[in-house]
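Here are my comments on the model you sent, set out as numbered points. Please read them with the coordinates open.

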Amino acid sequence: MPENRNTTSTSTPRQLRNWAGNLTYRAARIHRPTTVSEVQEIVAGSERVKVLGSRHCFNDIADTTADLVVLDALDPEVEIDRLGGGGTGTAWVSGGTRYSQLVPELAEHGLALPNLASLPHITVVGATATGTHGSGNRNGSLSTSVAGLEMVGSDGAVIALGPEEPDFPGAVVHLGALGIVTRIGLRVQPTFDVHNTVYLGLTWDRLFTDLDAVADAAYSVSVFTDWHDVTQVWVKSRTEDLDVAPEEFFGARAATAPTHMLKDMPVENLTEQLGVPGEWHERLPHFRAGFTPSRGEELQSEYFVPRRHGRGACEALRAMADRIAPLLQVSEIRTVAADELWLSPAHGGDVLALHFTWVPDQTRVVALLPEIEAALRPYAARPHWGKLFTTDAGELESLYPRMPDFRALVRRLDPRGAFRNAYLDRTVHAFG
Ligand SMILES: Cc1cc2nc3c(=O)[nH]c(=O)nc-3n(C[C@H](O)[C@H](O)[C@H](O)COP(=O)(O)OP(=O)(O)OC[C@H]3O[C@@H](n4cnc5c(N)ncnc54)[C@H](O)[C@@H]3O)c2cc1C
């Protein structure tokens, strides 16, 4: 039956900010539709429209001057298409669903996702649209789990895209440029258990001698540093690969108490450590749903370099440790497996991800970024689409061989520029 009752709530946002509080959205109106038809009406009636996920990006990627759409009132039901007897298949959720809503449903069905980011608070579409990742040489970014998309295009019609479509690898990491995703499918697999052990005392010498071996030693490895020292290593192993975590890891010793990667923060916010096994979704994120992830008062940047450049890029940052230290809370080094998604930071090869949690001083952080980007330029560093960076469109073009194809896709799916914003004008240049 056609839906003809308009139940969208529309309001004028006052001082609506992103999670970090470093950006106030400029939209004139904010809409909260409850059905796909209402989304279609909003798009058809708007000159410029963007979706707001959980607002965890640190830049203006989701901002617009006209209409913002929040999809958390769409039907939140998780639909699972099972394939065969192996318990695998696809889980479908609506466009505003957060991982923290999806994951308990999957767990109840004995299903899992291959990976999660450091926090489950973010939306599935917002995360996969920006190439959000966890860690592990066997793991692609969260975007690589996407099995299908349903979007409202700029003419108001619904478009369905699956892996068989030639545009699909261009449409998954979409930066919000192609349409409003109302439904997304993720490939799922049978559940698995993980344990996390934190190690202290790894030296740079040992890390550089064995960089690949350290990164590949477990299902998910995170190295934390202040660029003077390696401060911690978090080693998350699947129980079927390793029953009990060893006391020693490349010369580092297992911590004997739960350990936060940030100074003076309560460990209650963290998922369980000390090698205690638990379900994938209770160990792969660093931070627990229901608690503030990380510190809350912070900014973030991240750059991805091909793994063969890992040591060179780390050495370049170590040489800047004194410049970085006054603004840094912590850095994290992870790995992401290669994929073929056009705008994925891991497009075309395995990468090392070099992350910075900064103090909340936007002016000084943004002033330092060009120096970091210059130091990393010889290593072909791609910035995280959802964090702070100053890399310009010309350089992004040289870093992403499929950028011209993405621009053509934007112009084809959104010829009137309904989903265009200042961020896309700066980074993608789809409209010249
Ligand atoms: C504490 C913290 C920890 C983090 N940890 C990690 C990490 O471990 N790994 C990592 O890679 N990143 C991490 N991030 C970054 C974060 O994952 C990304 O910024 C992600 O994009 C945030 O998702 P969101 O739902 O908040 O998206 P938003 O910021 O709300 O939106 C992101 C983009 O997606 C678009 N969008 C959202 N929903 C839709 C839709 N339905 N249809 C069309 N477009 C849509 C928006 O318009 C925008 O362009 C972290 C961020 C924070 C604050």
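1. In this predicted model, E3 and strand E4 (residues 67-70) run parallel to each other and are joined over four bridges. Within the register of the two strands, Val-49 has Asp-67 of E4 standing opposite.

2. These two strands belong to an open sheet of four, in the order E1-E2-E4-E3, and the pairing across the sheet is mixed. Strand E1 (9-11) and E3 occupy the edges and have a single partner strand each, so one side of each is left without a neighbour in the sheet. On average, and with direction ignored, neighbouring strands are turned by 25 degrees against each other. Helix H1 (residues 36-44) packs on this sheet, where it touches strand E2 (29-32), E3 and E4, and its direction makes about 170 degrees with that of E4.

3. Which residues come nearest to the ligand? Among the 34 residues around the ligand, these are Gly-53, His-56, Gly-126, Gly-176 and Gly-386. Two or more residues of this shell are given by each of strand E3 (49-52), helix H3 (124-129) and strand E10 (180-190), and H3 provides the largest share, with four residues. Sorted by class, the shell consists of 17 nonpolar, 15 polar and two charged residues.

4. The chain is divided into domain 1 (9-70), domain 2 (79-191) and domain 3 (193-386). The C-alpha centres of domain 2 and domain 3 are 24 Å apart, and the contacts between these two domains involve 31 residues of domain 2 and 31 residues of domain 3. On the side of domain 2 that touches domain 3, helix H2 (99-108) and helix H4 (168-171) are the elements that give two or more residues, with the largest share, three residues, coming from H2. By class, that side of domain 2 divides into 11 nonpolar residues, 19 polar residues and one charged residue.

5. As for confidence, the mean pLDDT of the chain is 94, and 97% of its residues reach 70 or more. Residues 1-5 call for a separate remark: pLDDT stays under 50 over this stretch, for which the model has two contacts beyond four places in sequence. Where pLDDT is low, the predicted coordinates should not be read in detail.

Definitions and conventions: Residues are numbered from 1 along each chain as its sequence is written. This is a predicted model: local features need pLDDT of at least 70, side-chain atom pairs count only at pLDDT 80 or more; totals for chains, interfaces and linings use all residues. A residue is near a molecule or strand if its C-beta atom, placed from the backbone, lies within 6 Å of it. Ala, Val, Leu, Ile, Met, Phe, Trp, Tyr, Cys and Pro count as nonpolar, Asp, Glu, Lys and Arg as charged, and the others, Gly among them, as polar. Two strands pair if DSSP finds at least two bridges between them. Axes are lines fitted to C-alpha atoms, for helices over the stretch in contact, and angles run from 0 to 180 degrees between N-to-C directions. Two residues are in contact if their C-beta atoms, placed from the backbone, lie within 7 Å. Domain bounds come from an automatic or database domain assignment. pLDDT is the predictor's confidence in each residue, from 0 to 100.
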